[in-house]
Amino acid sequence: MSAVATSITRRGPRTWTRAGNAMRRALSYLLLVLVTAIVVMPVAWIFLVSLRTQAEYTSYPITFLPSRAHWENYWTVFEYAFLAKAWNTLQIAVPSVILTVLSSALAGFGFARHRAPLRNVMFILVLSMLMVPRMVTIIPTFMLFARLHLNNTYWPWILWGLMGSSYHIFLFRQFFAAIPEDLEDAAEVDGCGRFRIFWQIFMPNSTPVIATAAIFHFQWVWGDWVNPQIFLTAAKTTLAVFLQTAYQDPKGNPLDTLQLAAVAVYITPMLIVFFVAQKYIIQGIVTTGLTG
Amino acid sequence: MERVISTVGVSPITRSRRRYRRRERGEIISFHLFTLPWLLGFICLWIAPLLLGLATSLTNYNGANLPTLKFMALRNYARAFSSADFYFSLANTARYTGIALPAGLALSMFLAIVLNQPLKGRDLFRLLYYIPAILPVAGAIRAWKLLFGLQSGLVNAFLSVFMPGTAINWIHGHFLFVLCMYDWWHVGTGMVLFLAALQGIPVELYEAARLDGAGRFRLFRHITFPLITPVLFFQLILGLIGTLQVLDVPILLASRASENMPILMTRSSFMYMVYLYSEVFGFRRFGYGAALAWIFFIIVLVLTLIIIGSSRYWVYYEVSQEGEAR
């Protein structure tokens, strides 16, 4: 009875929606392509304008393509202190990434694989750190580090790295919690200590999460403007700060196209890393529900 | 019987219990060892600054007056509440958040729904939409200045095609719009999360409801939306704090960033965090800045608690609610 009823009610809407479906599909694609254009264009525009001369950039009306591609802009970029600042950025980023990932993994393993009285309270504390506006702690941290003569050194990043990060602790906890218990039990029977279980069983099996955490954190340090601006002086600062003011002629007029070429060089590693590791990145966002 | 107990009896039970207890104690110790780096950092780099900030907010500390430090009681707080800049920046931030956050969430949810259809190239679109999120702010902002430039800006050039001679000064005249556009440019982040949530919804639910004659709108209203509310809730909370404490974007977008202090070029870029930043790192008013930070913290905390409190009325938690699923 119900089968008959459904087959009848089905027939109408089905033929009716087929045309509607095609229509909806076409509209969806149109929308998606339009959004793609809007999303990608600012990035493409950086590269397009970076190939112009300053005179061409300021001329009006603007043209979509440069009259001639001035690739030499990309050489001139390096006549400024670009490489020195890139080196500064790496000096901060590499230790910071290693320490943050390691420390977050340790804590994540602690939270995922142990039962202890204070565990849940502590985990709530980990997450609640995300709820505190960062200026609330940055101002006193700046005062504290000034007293300890740590400002204008790279020590703050080392210390923050030792602490790990809430995002990545959460990421590792989620991942470690999903690993079957048998693996751990078998190792325990073999007399493995907790640290060896962590280091020789859990870590080697977690390369996707390690990659995700490392990429996210590297991206964060590479792009961070606030902390270098506050904690470092011009000599020691990173690319993010350097790029804002560095490209000027001797009179102090901005050299926009050079700056854009520098920005292009600055963002390209991130784009490459993203396209190479996109699977990990998307998976990382989805499993934690947290972003960058 | 008694002999058995005396030779074996005491040991197996208590031994296993002791071993269990030892294991349990070992587990607790090892838990604390694993989380020790975080805990040390939490205490030294989080709790200590938090309290230090609270203490500083009661003083007139300016970075160099430790010997002559004066206790100000709540005067820094009183000063904030009688400052025009405080109210202006707070209202400005509230306006920005009020526009950017809900629209951004709606947009990312909408895009996720569109992408949740069986379309070819879905993964590619998802990938492309995520690009803005991986771009460093310091670089992405430069693109934004380029788009919304007065003469050489692409947006004006585009509009000039329809209205020749369009030269809108976006950054100066419509800063909030430019800022919102920057925020919405990042919808890909939220979209990825919504998409993941959408793909977790069992297809049978839709099929069952469709058999019952539910239309597209009702499917969304009664199945899709309730099942993605946990993600929405999550993004609302993290998005709220993220949007309210916007700092680098308005500074980089609206200022000639000099080496020491960025000089703002338009009043509407004066967000709360920008105000706080300039008070602390421009004028060295650490005491006052710490008070501003704590006021902000409390505002954020109250808003977050309101959202959490309201969540039981609108966030769907997966318990057996068979009556509701229909």
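This note goes through the predicted model point by point, from the chain interface to single residues.

1. The interface. In this predicted model, 78 residues of chain A are in contact with 75 residues of chain B. On the chain B side, the largest share comes from helix 2 (residues 36–56), with eleven residues. By class, that side of chain B has 55 nonpolar, 16 polar and four charged residues.

2. A helix pair across the interface. Helix 7 of chain A (residues 155–163) meets helix 2 of chain B, their axes coming within 7 Å and crossing at roughly 130°. Helix 7 of chain A is therefore oblique to helix 2 of chain B. From chain A the contact uses A:Leu159, A:Trp160, A:Leu162 and A:Met163, and from chain B it uses B:Pro37, B:Trp38, B:Gly41, B:Phe42 and B:Leu45. Eight of the residues in this contact are nonpolar, one is polar and none is charged.

3. A helix pair inside chain B. Helix 4 (residues 84–115) and helix 12 (residues 216–244) of chain B have axes that come within 10 Å and cross at roughly 150°. Angles over 145 degrees count as roughly antiparallel, so helix 4 and helix 12 of chain B are roughly antiparallel to each other. The crossing of these two helices is right-handed. Helix 4 of chain B contributes B:Thr93, B:Thr97, B:Ala100, B:Leu101 and B:Leu105 to the contact, while helix 12 of chain B contributes B:Leu232, B:Gln235, B:Leu236, B:Gly239, B:Leu240, B:Thr243 and B:Leu244. This contact has seven nonpolar and five polar residues, with no charged ones.

4. Chain B overall. The secondary structure of chain B consists of 16 helices and two strands. Of the 326 residues in chain B, 36% are buried. Among contacts in chain B with a separation of 6 or more, 69% are between residues 24 or more positions apart.

5. A covered helix in chain B. Helix 6 of chain B (residues 137–147) is mostly covered, with nine of its eleven residues buried. The buried residues of this helix are B:Ala138, B:Gly139, B:Ala140, B:Ile141, B:Arg142, B:Ala143, B:Trp144, B:Leu146 and B:Leu147. B:Arg142 is thus among the buried residues of helix 6 of chain B.

6. Domains of chain A. Chain A is divided into domain 1, covering 2–49, and domain 2, covering 76–288. The C-alpha centres of domain 1 and domain 2 of chain A are 38 Å apart.

7. Positive phi angles. Most residues other than glycine have a negative phi. A:His149, which is not a glycine, has a positive phi near 55°. A:His149 sits in the loop between helix 6 (134–147) and helix 7 of chain A. Exposed residues have 12 or fewer other C-beta atoms within 10 Å, and A:His149 counts as exposed because it has 9 such neighbours. B:Ala73 is another residue that is not a glycine but has a positive phi, of about 50°. B:Ala73 belongs to the loop between helix 2 and helix 3 (75–81) of chain B. With 10 C-beta neighbours inside 10 Å, B:Ala73 counts as exposed.

8. A buried position in helix 14 of chain A. A:Ile285 lies in helix 14 (residues 256–288) of chain A. Being buried takes 20 or more other C-beta atoms within 10 Å, and A:Ile285 is buried because it has 22. Although A:Ile285 and A:Thr212 are 73 residues apart along the chain, their C-alpha atoms are separated by 8.8 Å.

9. Two loop residues of chain A. A:Phe78 is in the loop between helix 3 (72–76) and helix 4 (82–113) of chain A. A:Phe78 has 13 other C-beta atoms within 10 Å and is therefore partly exposed. The C-alpha atoms of A:Phe78 and A:Gln283 are separated by 36 Å, with their positions 205 residues apart along the chain. A:Leu118 is in the loop between helix 4 and helix 5 (119–128) of chain A. A:Leu118 counts as partly exposed, with 13 C-beta neighbours inside 10 Å. From A:Leu118 to A:Leu162, 44 residues apart along the chain, the C-alpha separation is 21 Å. A:Leu162 is one of the helix 7 residues in contact with helix 2 of chain B.

Definitions and conventions:
Residues numbered from 1 in each chain as written. Chains lettered and ligands numbered in written order. Predicted model: local features only at pLDDT ≥ 70, side-chain atom pairs only at ≥ 80, totals over all residues. Contact = placed C-beta atoms within 7 Å. Helix = DSSP H or I, 4+ residues; strand = E, 2+ residues; numbered from the N terminus. Nonpolar A, V, L, I, M, F, W, Y, C, P; charged D, E, K, R; others polar. Axes fitted to C-alpha atoms, helices over the stretch in contact; angles between N-to-C directions. Parallel < 35°, antiparallel > 145°, perpendicular 65-115°, else oblique. Left-handed = near helix turned anticlockwise from the far one by under 90°. Domains from an automatic or database assignment.
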